[in-house]
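Colleague: Please pick one part of this model and take me through it slowly. I'm new to this, so spell out the rules behind the words as you go.

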Amino acid sequence: MIKSISLSDNKINFRQNAESEKPQADEESRILPDSVGTRISQKFDKTVSALTEYPVKGLKGDVNSDFYEFLSMGIIPYLAGSAMFMGLFNLVNKHLDPKSRILAADKGKKMALGVVLYGVGKTLSNDLVTRPVALATGVDIDMPYRNVYYPLPTKSGAQAEIFPQHQQRKVYDSSEFFRKDLIAKDPNYGTQYYDKIARKLGLGEDLNDPVTETTPIIQNIISTTKTAKTLSSYAWAGVGVGLALQNSWSDFFNTISNRRKHIPLANESFVSKIGSKLSNMGKNSVDITKSFGKSFIKACKSYWKGEEGTKGYMKHAGKAWLIFTSALTVLSVANVIYRAKQMGKLQNKDLIDPNKESTVI
């Protein structure tokens, strides 16, 4: 069934025959540019695969359904729970009396906005941890790469075709087995990448083996940064939910509910109708954006100062949580950098004083 197997760079390439050409450059695992576009593309590709491809493979008992795909499907309960929160009050409004309908609509809109701001706060706050760590140590745990692998054959017979599969991953997904092979063969990284990390960590310059010298410290940075990122992201997600619960959003909700729609006149031409409708849609979008910005600023102020009429600890709850979240982020980042620097100093320290007698056992 398999006529040729080649082992190289920790990969197994299955081919139909020994004369098959090697995979082209775009069919090999490689590090991607660390940009906003790459992040969005990776997130989109991973989410679509988690919703469509990976569940099907798992339910069919595909031998190529791996642990990465299992973790990727964690987005499914998140989206299902988000949809439940959004629809919890909004879908039952028509079955309530007028007074309850108003209260339910207000709660439903705030919960829907809370779901959105929860995700935004959790996602955007990651950079508050990873960027300072990358600047101080040279290790960016969010370094993306496109993993290309050849799955095990699932059909019998000599005509079974095996095509390369792709996964959107991070170079430092694993602290023990991060992708040194990709770093080594990438012309933008290579050995000089480890030299840069060594200088930032205080290990010195012109090391005989910078890869070996920096590896244990890099592994420590990966573990501590991931922990710091998790704690910080959920704390900032809580800030997002708190902002969504402020009463300052009423103007924004009213703008969405009361936006006027252009009704074309009967004697207007088709082109005029389309143009008027597009123009009105653009005006509505601008109005909604402005209303969101004003409401967001008001929500931030009320979150810090407390809602009017609140007393006691509730008046200062938002301020206390924001201070706690900021302190948690700063201290977590400082812990990562401090531990890495300390490991670099200890590793670079000459433990044997040449001026004193010593015994080598």
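Modeller: Here is a close look at one strand, followed by some ring pairs and a surface patch.

First, this is a predicted model, so local features need pLDDT of at least 70 and side-chain atom pairs count only at pLDDT 80 or more, while totals for chains, interfaces and linings use all residues. Residues are numbered from 1 along each chain as its sequence is written, and side-chain values use heavy atoms, with hydrogens and water left out.

Our part is strand β4, residues 144–149. Strands (E, at least two residues) and helices (H or I, at least four) are DSSP runs, numbered from the N terminus. In β4, 6 of the 6 residues are buried, so the strand is largely enclosed by the rest of the structure. Buried means under 20% relative accessible area, exposed means over 50%, and partly exposed is in between (1.4 Å probe, protein chains only). In a regular strand the side chains alternate between the two faces of the sheet. Here, Pro 144, Arg 146 and Val 148 point one way, while Tyr 145, Asn 147 and Tyr 149 point the other way.

Now for the neighbours. Two strands pair if DSSP finds at least two bridges between them. Strand β3 (residues 30–31) is joined to β4 by 2 bridges, and they run antiparallel; Ile 31 stands opposite Tyr 145. Strand β5 (residues 165–170) is also antiparallel to β4, with 6 bridges joining them, and there Gln 168 is the bridge partner of Arg 146. That gives an open sheet of 3 strands in the order β3-β4-β5. Its edge strands are β3 and β5, each pairing on one side only.

Next, the rings. Rings of Phe, Tyr and Trp (its six-membered ring) pair if their centres lie within 6.5 Å; planes under 30 degrees apart count as stacked, over 60 as edge-to-face, and the rest as tilted. That rule gives 13 aromatic pairs. One of them, Phe 67 with Phe 70, is stacked, at 5.7 Å centre to centre and 25 degrees between the planes. Both sit in helix α2 (residues 67–72), 3 residues apart, about one turn of the helix, and both are exposed. Phe 252 and Phe 292, on the other hand, meet edge-to-face, at 5.3 Å and 75 degrees. Phe 252 belongs to helix α9 (residues 250–257) and Phe 292 to helix α10 (residues 270–305), so this pair ties together parts that are 40 residues apart in sequence. Phe 252 is buried at 9% relative accessibility, whereas Phe 292 is partly exposed at 31%. Ring pairs also link both of them with Trp 249, Phe 253 and Phe 296 into a cluster.

Last stop, helix α1 (residues 36–60), where you'll find Leu 51. Leu 51 is partly exposed, with a relative accessible area of 43%.
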